Amino acid sequence: ALLDKLPRSLRGNVLRHINSRVLRRAPIFVRVDRHMLAQLCALVRRSVLLPEDMLCRQGEMVTELYVLEEGQLIVVHDPNVAEEDHGANEPRSRCNSGDFRARTRTRSGDFKKDVEQQPTFRMVHDPGTAVCEVSVLFGLRQRESVEAVKQSTVLMLTKSDVTLLGKEFPDSIDKVIKGVRTRLMSENDLGTLEQIERLHDQKSH
């Protein structure tokens, strides 16, 4: 690649410039301090995904958030996955499978009948769109599985990097967190908001 032929310092400057163009378009970072944005550009790492490569599976504890640079991802939520019943690293079925089944529990605690519940999905193709951000920012298990539909490039930011940024730029990280909460409210995602509040209360005691 052309970048590989450049001197290391110049290559770093070029990559930071490219990263800046993507991160400036990311709604999750739109209100952050410009100094934090510059630090973000230096911290993120680029990753190329092939079709059907998994970024994460529903129910996992993830340690990275991703921002789409180019390509297309599919984000799938399976209502039949009882996240509290699985280990953090337990393998999940590939999210492109359409055959999901769940059991409905009666008040007596017996399993009465099988009920087909179809997963919901959304396509992610806009550069700057973040995925896995709720899990990383709030410490929840991943709500959805994320898979590449075609060859895609993402920018990855680790949870430890987010923690360091929070210490250096607390006001900007607060804006990021508030922005994500506002989006969840606009999406009427009350279940996730309740999980966030419950986890917050547990940490407070």
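A helix here is a DSSP run of H or I at least four residues long, and helices are numbered from the N terminus. I am working from a predicted model.

**Entry 1: the largest pocket**

I started with the open space. The largest pocket holds about 350 Å³. I found 17 residues lining this pocket, and those nearest its centre are P27, I28, E133, V180 and R183. Which helix gives the largest share of the lining? It is α5, residues 170–186, with five residues. I also sorted the pocket lining by class: eight residues are charged, six are nonpolar and three are polar.

**Entry 2: the largest cavity**

Next I looked for enclosed space. Counting cavities of 30 Å³ or more, I get two. The largest cavity has a volume of about 70 Å³. Its lining has 13 residues, and C132, E133, Q142, R143 and E144 are the closest to the centre. E133 caught my eye, since I had already noted this residue among those nearest the centre of the largest pocket.

For the elements around this cavity, I noted that β8 (130–131) and α3 (133–138) each supply at least two lining residues. Which of the elements gives the most? That is α3, with three residues. By class, the lining of the largest cavity has six nonpolar, five charged and two polar residues.

**Entry 3: the second largest cavity**

The second largest cavity holds about 40 Å³. I wrote down its lining in full: I28, F29, M36, L65, L137, L157, V162, L165, I173 and V176. How many of these are nonpolar, polar or charged? I count ten nonpolar residues, with no polar and no charged ones. Helices α4 and α5 each give at least two residues to this lining. I28 turns up here and also near the centre of the largest pocket.

**Entry 4: α2 against α4**

Then I turned to helix pairs. Helix α2 covers residues 34–43 and helix α4 covers residues 159–168; their axes lie 11 Å apart, at an angle of about 160°. That angle is over 145 degrees, so I call the two helices roughly antiparallel. The crossing of α2 past α4 is right-handed.

From the α2 side, I see M36, Q39, L40 and L43 meeting D161, L165 and E168 of α4. The residues of this contact divide into four nonpolar, two charged and one polar. M36 and L165 sit in this contact, and I had already listed both in the lining of the second largest cavity.

**Entry 5: α5 against α6**

My last stop was α5 again, this time with helix α6, residues 190–204; their axes come within 9 Å and cross at roughly 140°. Are they roughly antiparallel or oblique? An angle has to be over 145 degrees to count as roughly antiparallel, and 65 to 115 is roughly perpendicular, so this pair is oblique.

On the α5 side the contact uses R181, L184 and M185, while α6 brings T192, L193, I196 and E197. Sorted by class, I get four nonpolar, two charged and one polar residue in the contact of α5 with α6.

**Entry 6: my note on α5**

I keep coming back to α5. This helix gives five residues to the lining of the largest pocket, supplies at least two to the second largest cavity, and meets α6 through R181, L184 and M185.

Methods. Residues are numbered from 1 along each chain as its sequence is written. This is a predicted model: local features need pLDDT of at least 70, side-chain atom pairs count only at pLDDT 80 or more; totals for chains, interfaces and linings use all residues. Side-chain values use heavy atoms; hydrogens and water are left out. Axes are lines fitted to C-alpha atoms, for helices over the stretch in contact, and angles run from 0 to 180 degrees between N-to-C directions. Angles under 35 degrees count as roughly parallel, over 145 as roughly antiparallel, 65 to 115 as roughly perpendicular and the rest as oblique. A crossing is left-handed if the near helix is turned anticlockwise from the far one by less than a right angle, and right-handed if clockwise. Contact means heavy atoms within 4.5 Å. Ala, Val, Leu, Ile, Met, Phe, Trp, Tyr, Cys and Pro count as nonpolar, Asp, Glu, Lys and Arg as charged, and the others, Gly among them, as polar. On a 1 Å grid over the protein atoms alone, a cavity is a set of points where a 1.4 Å probe fits but cannot get out, and a pocket is an open set with protein on both sides within 12 Å along at least five of seven lines; lining residues have an atom within 4 Å of a point. Grid points are joined across faces, edges and corners, and a volume is the space filled by probe spheres set on the points.
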